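Dear colleague,

I am handing over a structure that I would like you to look through at your own pace. Please keep it open beside this message while you read.

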Amino acid sequence: MKFVKFEKVKDGKYLKNYEITYLNKAGKEKRYEIVSRRELADIEDVGSAPSGVSIIATRAGKLLLLHEFRMGINHSIYNLCAGMLEPDETIEDCIARELHEETGLKVRNIKKILPPSFAAVAIADITTYIAFVEVEGELTDYSSENEMIEPGFYTREEVEVMLEKEAFSSRAQLAAYFYTQGFIDNNQRQNE
């Protein structure tokens, strides 16, 4: 594919819509639409800055999952604690803030932060870090009036059942599966 043109087509409150024109293998123009949370000046800006974080959190061998209503799908799903980076915020500060805002929990230990990965390659340039975190504290509802979030900690056996019966975001589903296989929290396998 050969890049031809990049232009903004709509400027929404939270998302900006862009159209990218390419020449395909047959030499014909192919227009492709994407959205971004950021203002993009040209094609080089696409995917160039991390947008936020998804947090895979455990406490005492249990996995933290949020059961939350998502307006974009008009449905409640199981999801990871996640959120957007604020301007000039470090990823560590973002992790702590999002955990507290969505659950009331505090970071005990950040085990690993993976480099940013693309969250929805078919429609957006949004990139997020994946953080593996041990947390502490009690669950509290600090969510905004526009959020319906029920955080909970789940055992491996509970998550195995949920994976067969419940709706998940794709990242939460992958994290939940790997958790059931003992790859997320090494302490859980050692304590069994």
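What follows is an account of what was found, beginning with one strand and moving outwards from there.

Please bear in mind throughout that this is a predicted model.

A good place to begin is strand 4, where seven of the eight residues are buried, so that the strand is largely enclosed by the rest of the structure. Strand 4 is joined to strand 9 by seven bridges, the two running parallel, and within this pairing isoleucine 56 has phenylalanine 132 of strand 9 as its bridge partner. Strand 4 is also joined by four bridges to strand 7 (residues 81–84), in this case running antiparallel, with valine 53 standing opposite glycine 83 of strand 7. Two bridges, again in an antiparallel arrangement, connect strand 4 with strand 5, and here threonine 58 stands opposite leucine 63. These two strands, 4 and 5, form a hairpin with two residues between them, and alanine 60 in the turn has a positive phi of about 50 degrees.

As for the interior, the largest nonpolar core has 17 residues, of which Val53, Ile55, Leu64, Ile95, Leu99, Val133 and Val135 touch the most other members. At least two residues of this core come from each of strand 4 (52–59), strand 5 (62–70), helix 1 (91–103), strand 9 (127–136) and strand 10 (149–154). Apart from this core lies another, of 16 residues, which includes Leu63, Ile130, Tyr154 and Val159. In general, nonpolar side chains in soluble globular proteins tend to be buried together.

Threonine 103, which is found in helix 1, deserves a look of its own. Its relative accessibility is 0%, and therefore threonine 103 counts as buried. The side chain of threonine 103 reaches the backbone nitrogen of leucine 105 at 3.1 Å, and, leaving aside neighbours within four places in sequence, threonine 103 is in contact with Leu64, Leu66, Glu138, Leu139, Thr140 and Pro151.

Finally, which residues of helix 2 (residues 156–165) are buried? They are Arg156, Val159, Met162 and Leu163. Seen down the axis of helix 2, these buried residues fall within an arc of 115 degrees, so they line one face of the helix. The face turned away from the buried side of helix 2 carries Glu164 and Lys165, which are exposed.

With best wishes

How values were computed:
Residues are numbered from 1 along each chain as its sequence is written. This is a predicted model: local features need pLDDT of at least 70, side-chain atom pairs count only at pLDDT 80 or more; totals for chains, interfaces and linings use all residues. Side-chain values use heavy atoms; hydrogens and water are left out. Buried means under 20% relative accessible area, exposed over 50%, partly exposed in between (1.4 Å probe, protein chains only). The arc is that of the directions from the helix axis to the C-beta atoms. A nonpolar core is a set of buried Ala, Val, Leu, Ile, Met, Phe, Trp, Tyr and Cys residues joined through side-chain atoms within 4.5 Å. A polar contact is a pair of N or O atoms within 3.5 Å; within protein, one must be able to donate a hydrogen and the other to accept it, and residues adjacent in sequence count only if both atoms are side-chain atoms. Contact means heavy atoms within 4.5 Å. Two strands pair if DSSP finds at least two bridges between them.
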